[in-house]
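Biologist: Please take one part of this model and go through it closely, then show how the helices elsewhere are placed. I would like each term explained as you reach it.

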Amino acid sequence: MKQSIGIIGGGWSGLAAAVELTLAGHEVTVYEAGKLLGGRARCITAAPPLLDNGQHLLVGAYRETLRLMELVEPGSSRSGFKRLPLTLEYPEGVSIRAPRLPAPFHLAAALLFAQGISFDDKLAAIRFMRSLKKINFMPDNSLTVAEALANQPVAIRRYLWEPICVAALNTPVEKASFSVFARVLKDSLTGSAGNSDFLIPTRDLSALFPEPAADWLTENGSRTRTRTRVTSLQNTGKKWKLILEDGEVTHDKVIIATAPVHAIPLLEQLVGCREIAVKLGALEYQPIATVYASYLEPLWFKTPLLGWVDPVPLFVFDLDTCRPDIGEDGTCTVAVVASAEGEHLDWDDARWMDEINRRMRQAFGQLPPVRILKRVTEKRATFSCTPGLYRPDNTTPRDGLFIAGDYTAGPYPSTLEGAVRSGVQCAKTLLQSS
Ligand SMILES: Cc1cc2nc3c(=O)[nH]c(=O)nc-3n(C[C@H](O)[C@H](O)[C@H](O)COP(=O)(O)OP(=O)(O)OC[C@H]3O[C@@H](n4cnc5c(N)ncnc54)[C@H](O)[C@@H]3O)c2cc1C
């Protein structure tokens, strides 16, 4: 029987759940507090250049994200990205690039032909992967990544494992969960060669999935309501009443698909859900800072993604190559990303520019004048992905009330794929409960 389902939160998890439930024949309304859909992966400028709340990088292993993008906008899982084979390029003298070979030869070749890393160190990296494979990538889940990497050579840690850990888990290696890291390595570095590809968006993040998803929902009998905050919810017999800032609505079932910090006030008022709210209150968060800058002359990047590891790891994305809609002819727009906690959180614009230029000179020599277009620091970009973390499943003790979001139980860290998988899983759980 067709049900009316309310989803609180129009981020990638809420929209993924909405698409799945609409496909199953239900009528869904997504309530989004913000002006635009997308949550922590959205466009934040009203006029060009269309910049995001943070530069995102996806990988070929993001199976569910790519599947849903393709469903709501055929062709977008290809046209929405610039796809690069795994590339870790450090102008300080290290280069690791996977050639287009079938798996696992692409990775073996990436390591064996890596520049700036000794042969013994390459063998140590291969031995590390083999030892993980022997235990099916399921290590002791109390270990941190730093503890697990203790016997790896310094160069392999600095240029391979640590950047992958910080990029994927957004958590410093000293705090990061090794079992989640092992799962990321399994999904991206094993299986088909395309799993390890880097996918850099060619459009702003709202246009990548949230807006096509909203159009698809409308065409298929569901809808999204932006600028609509749900302030509380009440159970009225067999239905759920959502209290909005300007009225009330009623649904048969409800999914809370907000970030954990916004799920807490909704859950703690509900008998039976307080324990989940209290546990979510103990989650810790990690920031991500992105600086969008424009050089006043073109720069010729060898590859659209460059990295530096010391003292603060920075990754620079060449948006001229990846985002045809950004920048003017004769300039070069870049996005510079610093993941996780660190001293950069205290930098002002001038310090950022000094730090970026100091590194960029290593790659390009003399630099043209530059100006900052926008600096965005998301203080709670992701949860801190530590060992033994509490991650609730999609159900709650209350009938007809579910939760989705990148923080719910699942193999992935706080990522777009984690959010989308949570939304899809939550929709399946809701359908089974009917
Ligand atoms: C700067 C930055 C960089 C990142 N980089 C990457 C990356 O490179 N690769 C990657 O895979 N992941 C990355 N992530 C992580 C990824 O963006 C998140 O994991 C994902 O977007 C989380 O989606 P979500 O749906 O779980 O939650 P959210 O995106 O937080 O969505 C929740 C939505 O609920 C809305 N909401 C909250 N309360 C209410 C309410 N009461 N009523 C109505 N609406 C409400 C919010 O406005 C929001 O839109 C990054 C995140 C950030 C912030």
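Modeller: Right after helix 14 comes Gly365, and the phi of Gly365 is positive, near 70 degrees. This is a predicted model, in which local features need pLDDT of at least 70 and side-chain atom pairs pLDDT 80 or more, while totals for chains, interfaces and linings use all residues. Residues are numbered from 1 along each chain as its sequence is written, and side-chain values use heavy atoms, without hydrogens or water.

Helix 14 itself covers residues 349–364, which makes 16 residues. (Helices are DSSP runs of H or I with at least four residues, strands are E runs with at least two, and both are numbered from the N terminus.) From first C-alpha to last, helix 14 reaches 21 Å, close to the 22 Å expected at 1.5 Å a residue (1.5 Å times one less than the number of residues).

Which residues of helix 14 are buried? They are Trp352, Met353, Glu355, Ile356, Asn357, Arg359, Met360 and Phe364 (buried means under 20% relative accessible area, with a 1.4 Å probe and protein chains only). These buried residues pack against strand 13 (285–295), strand 14 (305–308), strand 15 (314–318), strand 16 (332–339) and strand 17 (370–383).

The loop between strand 13 and strand 14 holds Thr303. Thr303 counts as buried because its relative accessibility is 4%. Neighbours within four places in sequence aside, Thr303 is in contact with Leu84, Thr87, Glu89 and Arg97 (heavy atoms within 4.5 Å).

Now to the helix pairs. The axes of helix 1 (residues 12–23) and helix 2 (residues 63–72) come within 11 Å and cross at roughly 60 degrees, so helix 1 and helix 2 are oblique to each other (neither under 35, over 145, nor 65 to 115 degrees). Their crossing is left-handed. Helix 1 supplies Trp12, Ala16, Val19, Glu20 and Leu23 to the contact, and helix 2 supplies Thr65, Arg67, Leu68, Leu71 and Val72.

Helix 5 (residues 119–134) and helix 7 (residues 154–169) have axes that come within 9 Å and cross at roughly 55 degrees. Helix 5 is therefore oblique to helix 7. The crossing of helix 5 and helix 7 is right-handed (the near helix is turned clockwise from the far one by less than a right angle; anticlockwise is left-handed). Asp121, Ala125, Phe128 and Met129 of helix 5 meet Ala155, Ile156, Leu160 and Trp161 of helix 7.

Conventions. Axes are lines fitted to C-alpha atoms, for helices over the stretch in contact, and angles run from 0 to 180 degrees between N-to-C directions. Buried means under 20% relative accessible area, exposed over 50%, partly exposed in between (1.4 Å probe, protein chains only).
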